[in-house]
Amino acid sequence: MVAQTSDGVGRRPIAASIVPVIIVALAGMAVRTPLATAYPFAALLLFLWVVADTLMLSLIARSVGKPAWSAVLGVLAGASLTVWLGSPSAMRDALLETPALVVTMAAVVLGHVAWATSRARQAVGRKGIDRKQRWVSAASELLPPALVRLAVAEMTVIHMALFRWGGPADVPANARAFAYHRHLTPMCATLLILSAIEIVVYHLLVGHWSRTATLVMFVLSDVGFVYLVGLIKSFRFRPVLLTPEGVRVRAGFLINQLVPLDTIVAIEGGFTGEEVRDPATLNAALLAWPNIMLRLDRPLHRRSLLKKRGPFVRVAFRLDDPEPFIRLLAWRLGHRSS
């Protein structure tokens, strides 16, 4: 029973983000039916109520405790903009013929913009965090935070794929980096070659069938190729780090998990397959067998985009040269205990 409850809690934020999009999309289709066209004002009010109610319920489901007033105002402003942009011309004319409703919706949007702008200026001037994080916090005051995080992730991948072709890895001044990308190079090169062949085959075969399908496949395949290049390059630019706080286990854009030093009780180079495949093990080795395992004295929680993942008590990963890492980490653990 406890496991089911935990899994349900893990799925709730995901459902609260996906289900509203589906409901709003269905409502947008409904207001384009002949019945809605025959009664545009009634359809407008119903559309506004459905969008506002759906977004508000989503906010409540995603919030811990009572939602902040700024978040409530942002939801109402988002609902107003969604209704304005998503309404057909007949409903938009009905809205313009109701000045009180127009003024109310405009006041909500302008109130949100004014309040969010004030909070964004405070976020930009905040000390103690890096510049990128300040701008992300500022943008999250004006736009939905999930949308901002998605945009940042997209721009990070595209920037790395197209513009970062050299230079040092992303290593803080107080950290020691350990590479793991060299053993992945042959497999990554094979993936890129297969992806390029797949793109050519799609263009040659689909082009004889449909020009529209060819253009769609061109966009999808090329975007996928860019993302693959960005992911492969991230293996070199985002190595495993040993910091004063602990071990930051990274696997490109895919994994970024901090393991505090005070949780590590053992460093091992030999282990069984059952331990690696155990759900209580965070396996960060990609396309290879791990050569390092860290055993922890207590479970650490991890997050997954698709579903709730249980805590882990072991971390397995692979380094190109594990011996320096093991010696330095063992020295730090011994120095800490003494």
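## Exercises on salt bridges and a surface patch

Arginine 314 is buried, with a relative accessible area of 14%, where buried means under 20% relative accessible area, exposed over 50% and partly exposed in between (1.4 Å probe, protein chains only). The model is predicted, so that local features need pLDDT of at least 70 and side-chain atom pairs count only at pLDDT 80 or more, while totals for chains, interfaces and linings use all residues. Residues are numbered from 1 along each chain as its sequence is written, and side-chain values use heavy atoms, with hydrogens and water left out.

**Exercise 1.** Find the salt-bridge partner of arginine 314 and place both residues in the fold.

*Solution.* Begin with the criterion, which asks for a side-chain nitrogen of Lys or Arg within 4 Å of a carboxyl oxygen of Asp or Glu. The side chain of arginine 314 meets that of aspartate 278 in such a bridge, at 3.4 Å from N to O. Next, locate the two ends: aspartate 278 sits in the loop between helix H11 (273–277) and strand E6 (281–283), and arginine 314 in strand E8 (residues 312–317), so the pair links distant parts of the chain, 36 residues apart. Helices (H or I, at least four residues) and strands (E, at least two) are DSSP runs, numbered from the N terminus. Finally, compare exposure: aspartate 278 is partly exposed, at 30% relative accessible area, whereas arginine 314 is buried.

**Exercise 2.** Trace the network of salt bridges that includes Arg298.

*Solution.* The structure holds seven salt bridges; one of them joins the side chains of aspartate 262 and arginine 298 at 3.3 Å, N to O. Because aspartate 262 lies in the loop between strand E4 (255–260) and strand E5 (264–268), and arginine 298 in strand E7 (residues 292–300), this pair ties together parts that are 36 residues apart in sequence. The side chain of arginine 298 also meets that of aspartate 297, at 3.6 Å, N to O, and Asp262, Asp297 and Arg298 are thereby linked in a network. As for accessibility, aspartate 262 is partly exposed at 45%, arginine 298 is partly exposed at 37%, and aspartate 297 is partly exposed at 45%.

**Exercise 3.** State whether isoleucine 193 is buried or exposed, and name its helix.

*Solution.* With 52% relative accessibility, isoleucine 193 counts as exposed. Isoleucine 193 belongs to helix H9 (residues 185–206).
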